[in-house]
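I opened a notebook page to record, step by step, what I looked up in this structure. I begin with the overall fold and then turn to individual residues.

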Amino acid sequence: FDISKEITFSATHFQEAKNSAFPTFSADYDYQSNDINFNFDNEIISAVLGYQEFNGDRQGGFDVTSKDNRASFIQTEYRPRWISDALTLSAGARNEKVRYRYKPIVGGKLNDSESLNAWDFGLNYRFAPELSIFANFNKGFQAPDIDRFFAFDAFFNVVFNGFIKPAESKTLNLGLNHNLENNRLKATIFYTCLLYTS
């Protein structure tokens with residue numbers, strides 16, 4: 001929906017139901033997600049402000065495992081024409097709350113939750129229409145999906161293997177883009193540090 005020439009709004013709802021069947025087990029999945037975005041764009045600044053949520057259930061023969069996500073984020077680009085027409089600066093941040101639940105038919109219920117943060121700062125400088133360089137520094141995370149909490153035992157039965165802590169990392173990227181009519185070259189050097197979470 002176009003609110004104005006510079007502001008747009010979008011909303012998406014997604015729902016998926018599926019079944020996975022294997023010789024030793026089967027599971028039914030129910031996934032629902034919502035995505036809401038406000039976009040602002042003019043010659044100087046562009047920004048996306050949004051909210052996302054995901055509710056997922058995995059129902060096996062003897063348990064129900066759930067993963068719920070709630071996230072808010074902002075991503076911006078700034079083109080400081082008073083410095084240079086060739087420079088673009090970018091910044092963004094995301095906060096996500098993840099909650100896991102494991103409910104077996106027999107035995108105790110388990111719960112776990114995480115509050116995760118990500119951010120990114122970058123710049124792009126265009127030397128010519130066909131050549132630009134870029135750099136960015138970011139912190140990211142990856143929360144495991146429901147199936148990662150299960151493994152096979154010695155008899156190939158699927159068993160709950162416990163909650164896995166999300167992976168977190170910090171990454172520095174340096175690179176260049178070279179675009180010609182019949183060829184596009186992109187080269188990046190990066191360094192990633194995987195962060196330990198207890």
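**Entry: order of elements.** I read along the sequence and wrote down the pattern β-β-β-β-β-β-β-β-β-β-β, in a model that I must remember is predicted. My count for the protein is eleven strands and zero helices. I then looked up the radius of gyration, which is 22 Å, whereas the globule rule gives 16 Å for 198 residues, so I note that the protein is more spread out than a compact globule. Along the principal axes, the box filled by the C-alpha atoms comes to roughly 65 × 40 × 35 Å.

**Entry: inside and outside.** What share of the 198 residues is buried? I found that buried residues make up 28% of them. The protein exposes about 13,000 Å², and I noted that carbon and sulfur atoms supply 58% of this area. I also looked at contacts between residues at least 6 apart in sequence, and wrote down that 51% of these join residues at least 24 apart.

**Entry: two paired strands.** I followed strand β1, which covers residues 7-21, and strand β2, which covers residues 26-41, and saw that they run antiparallel and are joined by 15 bridges. The connection from β1 to β2 is a hairpin of four residues. To fix one position in this pairing, I looked up Ala-11 and found that it stands opposite Ile-36 in β2. I add a reminder for myself that in a regular strand the side chains alternate between the two faces of the sheet.

**Entry: a nonpolar patch.** Ile-36 turned up again when I searched the surface, where it forms a nonpolar patch together with Phe-1, Ile-3, Phe-38, Leu-49, Tyr-51 and Ile-74. Together these residues have about 680 Å² of accessible area. The elements that give two or more residues to the patch are β2 and β3, the latter spanning residues 45-59. I then took Ile-74 by itself and placed it in strand β4, residues 63-78. Its relative accessible area is 38%, so I recorded Ile-74 as partly exposed.

**Entry: salt bridges.** Before listing pairs I wrote down the general idea, which is that side chains of opposite charge can pair when their charged atoms come close. How many salt bridges does the count give? The count comes to nine, and I looked at three of them in detail.

- Glu-77 pairs with Arg-79, and their closest N and O atoms are 3.5 Å apart. Glu-77 has 35% relative accessibility and counts as partly exposed, while Arg-79, at 13%, is buried.
- Glu-96 and Arg-94 meet through their side chains at 2.9 Å, N to O. Is Glu-96 buried or exposed? With a relative accessible area of 7%, Glu-96 is buried, because the cut-off for buried is under 20%; Arg-94, at 23%, counts as partly exposed.
- Asp-145 forms a salt bridge with Arg-148, with 3.8 Å between the closest N and O atoms. Asp-145 is partly exposed at 34% relative accessibility, whereas Arg-148, at 51%, counts as exposed, because the cut-off for exposed is over 50%.

My last note concerns shared partners, since I found that Asp-41, Glu-77 and Arg-79 are joined into one network by salt bridges.

Notes:
Residues numbered from 1 in each chain as written. Predicted model: local features only at pLDDT ≥ 70, side-chain atom pairs only at ≥ 80, totals over all residues. Heavy atoms only, no water. Salt bridge = Lys/Arg side-chain N within 4 Å of Asp/Glu carboxyl O. Buried < 20%, exposed > 50% of the residue type's maximum accessible area, 1.4 Å probe, protein only. Pairing = 2+ DSSP bridges. Rg over C-alpha atoms; globule rule 2.2 N^0.38 Å. Contact = heavy atoms within 4.5 Å. Areas by Shrake-Rupley, 256 points an atom, 1.4 Å probe, with all protein chains shown as cover. Patch = residues over 30% accessible without salt bridge, like charges linked within 9 Å, V, L, I, M, F, W, Y side chains within 5 Å.
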